[in-house]
Structures are given as structure tokens and as C-alpha cells.
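Visitor: I've got a structure open on my screen and I don't know how to read it. Could you walk me through a few features?

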Amino acid sequence: MDLRWLIYVAFGVPLLLLVFIVMLKVLRKIVQGPMPEFLADFIDNPLRRRIQPPDKTALRHKIEPGMTVLEVGPGTGTYTVATAQRVGVNGRVLAIDIEPRMIKRLAQKVQSEGLKNLDAQVADACALPYVGDTFDAIYMITVIGEIPAPELAIKEFHRVLSPTGTLAFSELFPDPDYPRRSTVTYWSESAGFRLKEKMGNLFYYTLVFEKA
Ligand SMILES: C[S@@+](CC[C@H](N)C(=O)[O-])C[C@H]1O[C@@H](n2cnc3c(N)ncnc32)[C@H](O)[C@@H]1O
């Protein structure tokens with residue numbers, strides 16, 4: 001490849017990607033609501049799994065064996081299965097999604113993989129069907145920016161989380177609903193959390209909170 005082509009590729013590919021991401025973000029301002037189920041396979045791809053590997057993400061979210069964990073907005077469960085494996089036979093994962101077709105596909109996965117410690121149900125993050133102090137950990141991946149009332153949802157997470165529990169958010173820059181770190185921190189602190197740990201780079205981040 002001559003130098004001219006090398007320059008085209010080196011600058012052209014990132015530029016095209018950036019234009020694509022900006023177009024997605026503009027489109028998202030027009031078309032609102034939860035991500036449709038037919039896009040689930042599009043967002044579960046090898047590049048994303050490299051940036052946000054399911055097994056490492058469970059560790060980033062401070063998930064430990066034996067925990068009772070809530071995943072909000074699992075979609076078809078790209079990350080849920082790894083969490084269920086991480087908590088093990090003495091732990092339990094509950095996954096809620098507002099989109100019934102996502103839950104249907106996740107429930108099929110649970111059945112086909114014989115996962116005994118994972119339950120999936122349709123519910124809204126803003127009205128959780130659980131009593132207070134139910135969970136050791138709550139997490140969500142590329143979800144909070146999609147919820148129209150994020151502060152209300154985070155208050156719900158505070159209610160159902162145990163006093164020593166953790167709340168984790170993972171986000172990915174190309175997601176059209178990507179919220180800035182400072183915005184998620186502001187929402188969470190307003191709901192009674194304090195930042196415990198942060199990690200990430202230009203493309204992704206994870207923020208872990210505890211009760212203040
Ligand atoms: C971009 S997808 C992310 C799916 C999965 N977490 C992942 O990272 O692959 C966002 C998910 O959040 C769900 N969601 C959106 N609003 C919700 C709400 N208010 N309560 C529960 N789930 C919600 C959507 O239905 C969708 O499955």
C-alpha cells in the first residue's frame with residue numbers, strides 16, 4: 001500500500017465512523033423510546049465484546065460469588081449470563097427489561113443454557129417490583145441514557161439496594177444515548193449515592209457507586 005492510501009485509511013476510517021456515530025445520535029433525538037429488539041444482534045458484536053468483555057464487565061461491576069444482583073435493561077442478555085456464572089450456585093441474578101421481546105429472548109437463553117440462578121421479567125426501572133434492601137449489587141450497561149426519567153430510576157435503585165450494596169453503570173461512546181460521566185455522577189449523587197470507583201478510557205467507562 002502506498003503512503004497516500006495509508007493516509008486515506010488512517011484518517012478516512014475514523015472519520016467515517018465518527019460521522020456514523022453523529023448521525024445515530026441525531027436520529028436518536030428524533031426517534032425516542034427503548035431500543036427495539038431487532039437491533040439487539042447489531043449491538044452484540046466482536047468489537048464491542050473486545051471493549052466491554054462480558055466476564056471482565058462482571059468484575060468491573062464488583063459482582064462476587066453468592067450475591068443477589070439486579071441487571072436493569074439486559075436486552076437479550078449479552079452480559080447477564082456472565083453475571084449469573086460469576087455469582088454461582090449460591091447467588092441469584094434478576095434481570096428486568098421494559099421490552100417484552102428482549103425478555104422473551106433472554107428467557108429462551110436461560111432455558112437453553114440451563115441457568116438455574118437467573119430470572120428475567122418485564123418491568124420498568126422507574127417502578128421496580130421489589131421490596132427495599134433486596135440486592136447486593138445493581139448494574140446496567142448502556143441503559144440509563146435511554147430512560148426518560150433517569151433520576152427517578154436511580155432513586156428506585158437506592159430503595160432496593162442493601163445499605164452496603166453497589167450500583168454500577170457502564171457506558172460506551174458510540175451508543176446514541178451515551179451520557180457523560182459527570183451527568184451520571186450528578187444523577188447518582190442527587191439520589192443519595194457517592195462515587196466509589198471509576199475506570200475506562202475514551203470509548204467506554206464504568207462508574208461504581210455506594211450509598212452515601
Ligand atoms: C441499548 S440496550 C442495552 C442492552 C444491554 N444492556 C447491552 O448492553 O447489550 C438498552 C436496554 O434497556 C432497556 N430499557 C430501556 N428503558 C428501560 C426501562 N425504563 N426499564 C427497563 N429497561 C429499559 C431496553 O429495552 C433495552 O433492552
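Guide: Sure, let's look at the sheet, then a helix, then a single residue. Keep in mind that this is a predicted model.

Visitor: Okay, the sheet. In what order do the strands sit?

Guide: Seven strands make an open sheet with mixed pairing, and the order across it is S3-S2-S1-S4-S5-S7-S6. S3 and strand S6 (193-200) are the edge strands, as each pairs on one side only. From one strand to the next, the twist averages 20°.

Visitor: How do S4 and S5 run, and how many bridges join them?

Guide: They run parallel, with six bridges joining strand S4 (residues 135-141) to strand S5 (residues 161-172). If you want a spot to zoom in on, find isoleucine 138, which stands opposite leucine 167 in S5.

Visitor: And which strands do helices H5 and H6 lie across?

Guide: H5 lies across S1, S2, S3 and S4, and runs at about 160° to S2. H6 lies across S2 and S3, at about 160° to S3.

Visitor: Let's stay with H6. How far apart should its ends be?

Guide: Count 1.5 Å a residue: the 13 residues of helix H6 (residues 100-112) should span 18 Å, and the end C-alpha atoms are 18 Å apart, so the two agree.

Visitor: Which residues of H6 are buried?

Guide: Here's the general idea. An α-helix has 3.6 residues a turn, so residues three or four places apart point the same way. In H6, the buried ones are Met102, Ile103, Leu106 and Val110. Look down the axis of H6 and these buried residues fall within an arc of 95°, so they line one face of the helix. On the other side, Arg101, Lys104, Gln111 and Ser112 are exposed.

Visitor: What covers the buried residues of H6?

Guide: The cover includes helix H2 (40-43), helix H5 (80-87), strand S2 (92-97) and strand S3 (118-122). Also, check just after H6: glycine 114 has a positive phi of about 60° there.

Visitor: Now a single residue. Where is threonine 78, and is it buried or exposed?

Guide: Threonine 78 sits in the loop between strand S1 (68-72) and H5. Its relative accessibility is 13%, and buried means under 20%, so threonine 78 counts as buried.

Visitor: What does threonine 78 touch?

Guide: Leaving out residues up to four places away in sequence, threonine 78 touches Asp44, Arg49, Pro54 and Lys109. With aspartate 44, there is a side-chain to side-chain polar contact of 3.4 Å.

How values were computed
Residues numbered from 1 in each chain as written. Predicted model: local features only at pLDDT ≥ 70, side-chain atom pairs only at ≥ 80, totals over all residues. Heavy atoms only, no water. Helix = DSSP H or I, 4+ residues; strand = E, 2+ residues; numbered from the N terminus. Expected span 1.5 Å × (residues − 1). Buried < 20%, exposed > 50% of the residue type's maximum accessible area, 1.4 Å probe, protein only. Arc of directions from axis to C-beta. Contact = heavy atoms within 4.5 Å. Polar contact = N/O pair within 3.5 Å; in protein donor to acceptor, adjacent residues only side chain to side chain. Pairing = 2+ DSSP bridges. Axes fitted to C-alpha atoms, helices over the stretch in contact; angles between N-to-C directions.
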